[in-house]
Amino acid sequence: MPNELRAAYAKALINEARINDRIVVLEADLMGASGTKAFKNEFPSRLINVGVAEANMVGMAAGLSINGFIPFADTFGTFASRRAFDQFFISGAYAKTNIKLVGTDPGVGAQYNGGTHMPFEDTGMMRLVPELVIVEPSDSVSAGAFVHLLAEHKGCTYMRLHRKGLDDIYDQSASFAIGQAKVLREGDEVVIFAFGAIPVHEALKVADILKDKGINITVVDLLTIKPLDVSTVISYAKKAKYIFTSENNQIQGGVYSLILETLNENNIFKKVNPVGVHDKFGQVGDLEYLKKAYGMDKDSIVEYILKTINK
């Protein structure tokens, strides 16, 4: 049964706040979208709605951090990255504060909010920030777990958060760590390095379809791309004949670029086949339409893999 990742995010924030009075939440007038009304109901003095002023929100988060608080600041991914990038870079990472920035509705998850609200470039932008931790949970279980992990981490972090409901991949007993990937399927010919809720779910569907065609593929849920689980990536890249990346953002500067860089640094010279956005803007549409439009849906990925193998 689908579980909303934003609900898991809010629940985990409440649980953290109950045991740690330094946890505070900042909102840019999007409590309904991010699911944090429940947090405000329980901790009305520890949620600050700054209004539609994302750069100011990050500046306030830096000030709160300097005074010993652990601020979670969330807004749509477009505004968390493009609009507040300089403040986050300077007042956050450069100043070595402790801001937990959350960008919701990454990539095609923005759906009917359209191209202006559809962050395809935030992953590439945030990869440029030194020492930053970058994660994207793939279901409600991992979303809740990463709230705790990021709260415990000393330093700035960026979490991409798909807001809406998805089937859970992980059991409640699953353990997670920053910089640790999860291998969800094991195969011997093809590996997909997937990052993000939508790519991971589509990759699992692809694995089921291809298994019926006699092709067993490895699906790796990266979960964290900074720091990257290099040992897992290298291990499965060496084994596989065909390497694919799948991401819900621009491939330039994103996971495709990251895997190429990682393989090159480790003297593994194999072709990497990218699934993701290829130098395009966002658009309005429902999720199924958008996944298809950018080649991220299971059928497009299956076709891409089969063409690559047959070639």
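## Exercises: a sheet and its salt bridges

In this predicted model, glutamate 27 has asparagine 49 in strand 3 as its bridge partner.

**Exercise 1.** Starting from that pair, work out how strand 2 and strand 3 run and where strand 3 sits in the sheet.

*Solution.*
- Step 1: Look at the two strands. Strand 2 covers residues 23-27, and 3 bridges join it to strand 3. The two strands run parallel.
- Step 2: Zoom out to the sheet. It's an open one made of 7 strands, with mixed pairing, and the order reads 3-2-4-5-7-6-12.
- Step 3: Check the ends of that order. Strand 3 (47-49) and strand 12 (224-226) are the edge strands, each pairing on one side only.
- Step 4: Add the twist. On average, neighbouring strands here are turned by 20° against each other, ignoring direction.

**Exercise 2.** Find which strands helix 4 lies across, and its angle to strand 4.

*Solution.*
- Step 1: Pick out helix 4, residues 54-66.
- Step 2: Follow what it crosses: strand 2, strand 3, strand 4 (70-76) and strand 5 (100-104).
- Step 3: Compare directions. Helix 4 runs at about 170° to strand 4.

**Exercise 3.** The whole structure holds 15 salt bridges. Take arginine 127 with glutamate 261 and decide whether each residue is buried, partly exposed or exposed.

*Solution.*
- Step 1: Get the distance. The closest N and O atoms of arginine 127 and glutamate 261 are 2.6 Å apart.
- Step 2: Place the partners. Arginine 127 belongs to helix 7 (residues 122-127) and glutamate 261 to helix 11 (residues 255-265); the pair links distant parts of the chain, 134 residues apart.
- Step 3: Apply the cut-off: buried means under 20% relative accessible area. Arginine 127 has 19%, so it counts as buried. Glutamate 261, at 35%, is partly exposed.

**Exercise 4.** Work out how far apart in sequence the partners are in two more pairs: aspartate 208 with arginine 185, and lysine 307 with glutamate 303.

*Solution.*
- Step 1: Aspartate 208 and arginine 185 have their closest N and O atoms 3.7 Å apart. Aspartate 208 is in helix 9 (residues 197-212) and arginine 185 in strand 9 (residues 182-185), so this salt bridge ties together parts 23 residues apart.
- Step 2: Lysine 307 and glutamate 303 meet at 3.4 Å, N to O. Both are in helix 13 (residues 298-310), and because they're 4 residues apart, about one helical turn separates them.
- Step 3: Check accessibility for that second pair. Lysine 307 is exposed at 52%, while glutamate 303 is partly exposed at 44%.

Terms used:
Residues numbered from 1 in each chain as written. Predicted model: local features only at pLDDT ≥ 70, side-chain atom pairs only at ≥ 80, totals over all residues. Heavy atoms only, no water. Pairing = 2+ DSSP bridges. Axes fitted to C-alpha atoms, helices over the stretch in contact; angles between N-to-C directions. Contact = heavy atoms within 4.5 Å. Salt bridge = Lys/Arg side-chain N within 4 Å of Asp/Glu carboxyl O. Buried < 20%, exposed > 50% of the residue type's maximum accessible area, 1.4 Å probe, protein only.
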